[in-house]
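Biologist: I would like to go through the terms used for this model one by one. For each, please give the value and the rule behind it.

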2 protein chains.
Amino acid sequence: MPAWKRNCGNDACPADKRAPVRDAVAEMTTMTTTAETVDAFHRGKFHLIQPLGQGHRSGMDAMLLAALVSCERPCRVADLGAGAGAAGMAVASRLEEAEVLLVERSPIMTDFARRSLALPENARFAARVAVLEADVSLNGKARAAAGLPDDAFDHVIMNPPFNDAADRRTPDRLKAEAHAMSDNLFETWIKTAGAIMKPGGQLSLIARPESIAEIIAACGRRVGGIEITPILPRAGENAVRILVTAIKQSRKRLVLRAPLIMHAEGAHRFSPQVDDFNNGRAAYRRR
Amino acid sequence: MPAWKRNCGNDACPADKRAPVRDAVAEMTTMTTTAETVDAFHRGKFHLIQPLGQGHRSGMDAMLLAALVSCERPCRVADLGAGAGAAGMAVASRLEEAEVLLVERSPIMTDFARRSLALPENARFAARVAVLEADVSLNGKARAAAGLPDDAFDHVIMNPPFNDAADRRTPDRLKAEAHAMSDNLFETWIKTAGAIMKPGGQLSLIARPESIAEIIAACGRRVGGIEITPILPRAGENAVRILVTAIKQSRKRLVLRAPLIMHAEGAHRFSPQVDDFNNGRAAYRRR
């Protein structure tokens, strides 16, 4: 976990600051017993049940990803590789007319998502969020049959798993699965995104800077008008993430935007703008 | 020309602020009569003869590109597609032990470069700068025979020509030639750069943000440890250029650096850092 994720300066800092609220044997369909936490996001506006100490844990990345979705009217949003559902639920929590489909192939993680949606704390939006256990890399008819029809979504969001040498060393099976990136991950996932979005629909993703070329190549002629925003922990530092949006069938040129800077100089807290994104008080709009 | 180039806040602002110093029929090997200017760079430390009103005119881009070269000891530098020689001469002017080869296929532009080197104002470094009329896209033996042997340079710099709809409308033949980008320009030029650099040698280039994926793809396995720095006119604005460096045979990950911001908020002048780069007082070093 990069250092900037450790400084979330927030009521909802699940991975680092908060003690687990609930350590329990999960009621799951697997043989595994898994300790878990219930973490508050958006300053308590929604809650997420996540496995503790194994599996991918959502935090800042998911909240920034969710901030990329901006729509005033009713809209349909697909969260590809949703994990426990943090990003998709953050969209549903902020946008009162959004209907969100959480797409995740791991039955363990979809179970977490379903249980989160059953929490009383999430009743405000739970009826607008559905969970689909499906593999994002499916193609054509198999994809549609799995519940992902073409031209159906106004927004597709994704925080695709990544791996590197450090991740591969982990013995954590759940995390390894979440972080196991195939060689063509962006190509595969963005192909699916391009298919299931309506014309004019928006793809949004968060990724590491070193994936920038792979992402642009995968966008290809499927989605255009790419906007890339580097995320810097502090002014002058290297980017730790990039935010990327693109529009289906747009032919506009790529735009490299000014960075988002997480922390003001010398400050431990988030900058006000980033704090707004992290807490569901604002969208980060396209230009 | 982007707006930020119009605000060079500098003694050397050839394209916009300065009246032509010398309008003359050029003594050239072509049939064309060409008005020209002699422009001061690095606050008068070197001068450049450039065609006026046609052809690519060098300015800020060339100075920023030159700032990417950092070497304390004697080093060999190739400027690919050197045009009138602004970037290469800026390197020779700042680095007293650099030997620079200006590589340019247009005989009109190499003539300008040779005449600039003959100016008394450039006597300080002229003996360390050579001009080679050659096509950067040559391959293998033809490239070596043209004067570009393999594994010969510590640094290769390039400000490759680009075109777009606006450029294609221009009836200016010289400019059209300078800006005529083949489909595989970066692939072709970076292939040459990779061949003629010593192992560990540094590629440096300046380009438009929309070329970022093409550049990274062209770097491929030839050069690694890519560092990309967006250039923003002002804080919060979109990038207008990217600075890219990479090292031959490096396997390090790509780094997306904090942007260079040309102008402080509300200021017409360059920021002190950018002013230093523009005037040959500092190098922009790799991390």
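Modeller: This is a predicted model. In it, 22 residues of chain A are in contact with 22 residues of chain B.

Biologist: What makes a residue count as being in contact?

Modeller: Contact means heavy atoms within 4.5 Å. By that rule there are 22 residues on the chain A side and 22 on the chain B side.

Biologist: How much area is buried between chain A and chain B, and which atoms give 62% of it?

Modeller: The buried area is about 1,800 Å², and carbon and sulfur atoms give 62% of that. On the chain A side, A:Asn238, A:Arg253 and A:Leu256 supply 31% of what chain A buries against chain B, more than any other three residues.

Biologist: Why is the pair B:Glu210 and A:Arg253 called a salt bridge?

Modeller: The rule asks for a side-chain nitrogen of Lys or Arg within 4 Å of a carboxyl oxygen of Asp or Glu. Between the side chains of B:Glu210 and A:Arg253 the distance is 2.9 Å, N to O. That value is within the 4 Å limit, so the pair is called a salt bridge. The rule finds two salt bridges across the interface of chain A and chain B. The count of residue pairs in polar contact between the chains is eight.

Biologist: Which elements of chain A supply at least two residues each to the side that touches chain B?

Modeller: They are α9 (212-219), β8 (223-234) and β10 (255-256). The largest share, three residues, comes from α9(A). By kind, the residues on this side of chain A divide into 13 nonpolar, two polar and seven charged.

Biologist: What makes the relation between chain A and chain B that of a two-fold axis?

Modeller: A turn of 180° with a shift of 0.0 Å along the axis lays chain A on chain B, with an RMSD of 0.0 Å. That is why the relation is the one of a two-fold axis. The same surface serves both copies, as 100% of the contact residues of chain A recur in chain B. Of the residues of chain A, A:Ala213 comes closest to the rotation axis, with its C-alpha at 2.2 Å.

Biologist: How do you know that B:Asp275 is buried?

Modeller: Buried means under 20% relative accessible area. B:Asp275 has 12%, so this residue is buried. B:Asp275 is in helix α10 (residues 272-278) of chain B, and a polar contact of 3.4 Å joins its side chain to that of B:Arg43.

Biologist: Why is helix α1 of chain B called largely enclosed?

Modeller: Eight of the eight residues of this helix (residues 60-67) are buried, so the rest of the structure largely encloses the helix. Among the buried residues of α1(B) are B:Met60, B:Asp61 and B:Leu64. For chain A, 59% of the 287 residues count as buried.

Biologist: What is notable about phi of A:Gln249?

Modeller: Most residues other than glycine have a negative phi. A:Gln249 is not a glycine, yet its phi is positive, about 75°. A:Gln249 is found in the loop between β9 (241-248) and β10 of chain A. In chain B, phi of B:Gln249 is also positive, near 75°, and B:Gln249 lies in the loop between β9 (241-248) and β10 (255-256).

Biologist: How many helices and strands does chain A have?

Modeller: The secondary structure of chain A comes to 10 helices and 11 strands. Among its contacts between residues at least 6 apart in sequence, 68% join residues at least 24 apart.

How values were computed
Residues numbered from 1 in each chain as written. Chains lettered and ligands numbered in written order. Predicted model: local features only at pLDDT ≥ 70, side-chain atom pairs only at ≥ 80, totals over all residues. Heavy atoms only, no water. Buried area = accessible area lost by both parts, 1.4 Å probe. Polar contact = N/O pair within 3.5 Å; in protein donor to acceptor, adjacent residues only side chain to side chain. Helix = DSSP H or I, 4+ residues; strand = E, 2+ residues; numbered from the N terminus. Nonpolar A, V, L, I, M, F, W, Y, C, P; charged D, E, K, R; others polar. Least-squares fit on C-alpha atoms with pLDDT ≥ 70 in both. Buried < 20%, exposed > 50% of the residue type's maximum accessible area, 1.4 Å probe, protein only.
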